[in-house]
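Here are my notes on this one, point by point. Have the viewer open while you read.

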Amino acid sequence: MAENTMTVTVACGTTKHNITLTAQDGHEALLKDLCEALTEATGVPIPSQKVIFKGKSLKEMEEPLSSFGIKQGCKLMMIGKRNSPEEEVELKKLKDLEKSLEQTAKKLEKVDGELTGLKNGFLANELQAEALNKLDHRVKVAAEQFMKILEEIDGMNLPESFSDCRMKKKGLEKTVQGFLAQCDKIEAGISDHLAKIQTKNLALAE
């Protein structure tokens, strides 16, 4: 097991941190893994970190640490400043919005799964229309929640200096827009399936 872990010492100002990294699924620890561990240990966000090894600043996040010559027991240095308390407050707001986003996304995923079940004929024809209308309502509720989250994100006025916040805000906006597009797609799928059932029922009635 020892082969899969590596401990390095990182000096940040006058403080030294012993960071232990574990290889995941047989893959070596990357620079990104070290930087994430440093954020946890120091509170300095990754965009504000400058990791130095043997006088060189390391930038390639997806590279394994071994490619920089870093091995067990190596000493590194990290320069960077923590976010201001004001930025941390905004970051927490964004993290809370991200949680709401994840919960709504799970509900949408459930609707999508149930719609697939209906398309595969897991319910008698006469019950499908009612079930589809209920699904349509749930998609509309999810879309409303996504819109609310998007409005809250858009309403946040972040100063230029809050780079970490601004980056997270941009990423969240993109994610919400993706989910809204998914809502449209699922609604279109529901309408399409509803039309097919009605056509089939009319044909049977004739």
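1. A definition to start: helices (H or I, at least four residues) and strands (E, at least two) are DSSP runs, numbered from the N terminus. Lys-106 belongs to helix H2. With a relative accessible area of 60%, Lys-106 is exposed; the scale is buried under 20%, exposed over 50% and partly exposed in between, with a 1.4 Å probe and protein chains only. Its C-alpha sits 9.8 Å from that of Ala-142, with the two positions 36 residues apart in sequence.

2. Some housekeeping. This is a predicted model, where local features need pLDDT of at least 70 and side-chain atom pairs count only at pLDDT 80 or more, while totals for chains, interfaces and linings use all residues. Residues are numbered from 1 along each chain as its sequence is written, and side-chain values use heavy atoms, with hydrogens and water left out.

3. Now the layout. The domain assignment splits the chain into domain 1 (4-80) and domain 2 (85-204), with bounds that come from an automatic or database assignment. Their C-alpha centres are 37 Å apart.

4. What does UniProt add? An unreviewed entry there puts "domain: Ubiquitin-like" at residues 31-85 and "domain: BAG" at residues 107-187. UniProt positions follow the numbering used here, feature names are shortened, and annotations may be inferred rather than shown by experiment. Residues 31-85 come out at 24% helix and 22% strand, with end C-alpha atoms 27 Å apart. For residues 107-187 the figures are 84% helix and 0% strand, and the end C-alpha atoms are 14 Å apart.

5. If you want a pocket to look at, the largest one has a volume of about 280 Å³. Its lining consists of Thr-39, Gly-43, Pro-45, Arg-82, Asn-83, Glu-88, Leu-91, Lys-95, Asp-164, Met-167 and Lys-168. Helix H2 (85-119) and helix H4 (163-205) are the elements that give two or more residues to that lining. Domain 1 (4-80) and domain 2 (85-204) each supply at least three lining residues.

6. On the pocket method: on a 1 Å grid over the protein atoms alone, a cavity is a set of points where a 1.4 Å probe fits but cannot get out, whereas a pocket is an open set with protein on both sides within 12 Å along at least five of seven lines; lining residues have an atom within 4 Å of a point. Points are joined across faces, edges and corners, and the volume is the space filled by probe spheres set on them.

7. Which residues does Cys-165 touch? Cys-165 lies in helix H4 and counts as buried because its relative accessibility is 0%. Leaving out residues up to four places away in sequence, Cys-165 touches Glu-87, Glu-90, Leu-91, Leu-94 and Leu-158, where contact means heavy atoms within 4.5 Å. Glu-90, in helix H2, is buried too, at 16% relative accessible area. Beyond its neighbours within four places, Glu-90 contacts Met-156, Leu-158, Phe-162 and Cys-165.

8. Gln-128 in helix H3 (residues 125-154) deserves a look. Gln-128 is buried, with a relative accessible area of 4%. Its contacts, again skipping residues up to four places away, are Leu-118, Gly-121, Leu-123, His-193 and Ile-197.

9. Last, a backbone check. Lys-54, in the loop between strand E3 (50-53) and strand E4 (56-58), has phi near 50 degrees, a positive value in a residue other than glycine. Lys-54 counts as exposed, at 72% relative accessibility.
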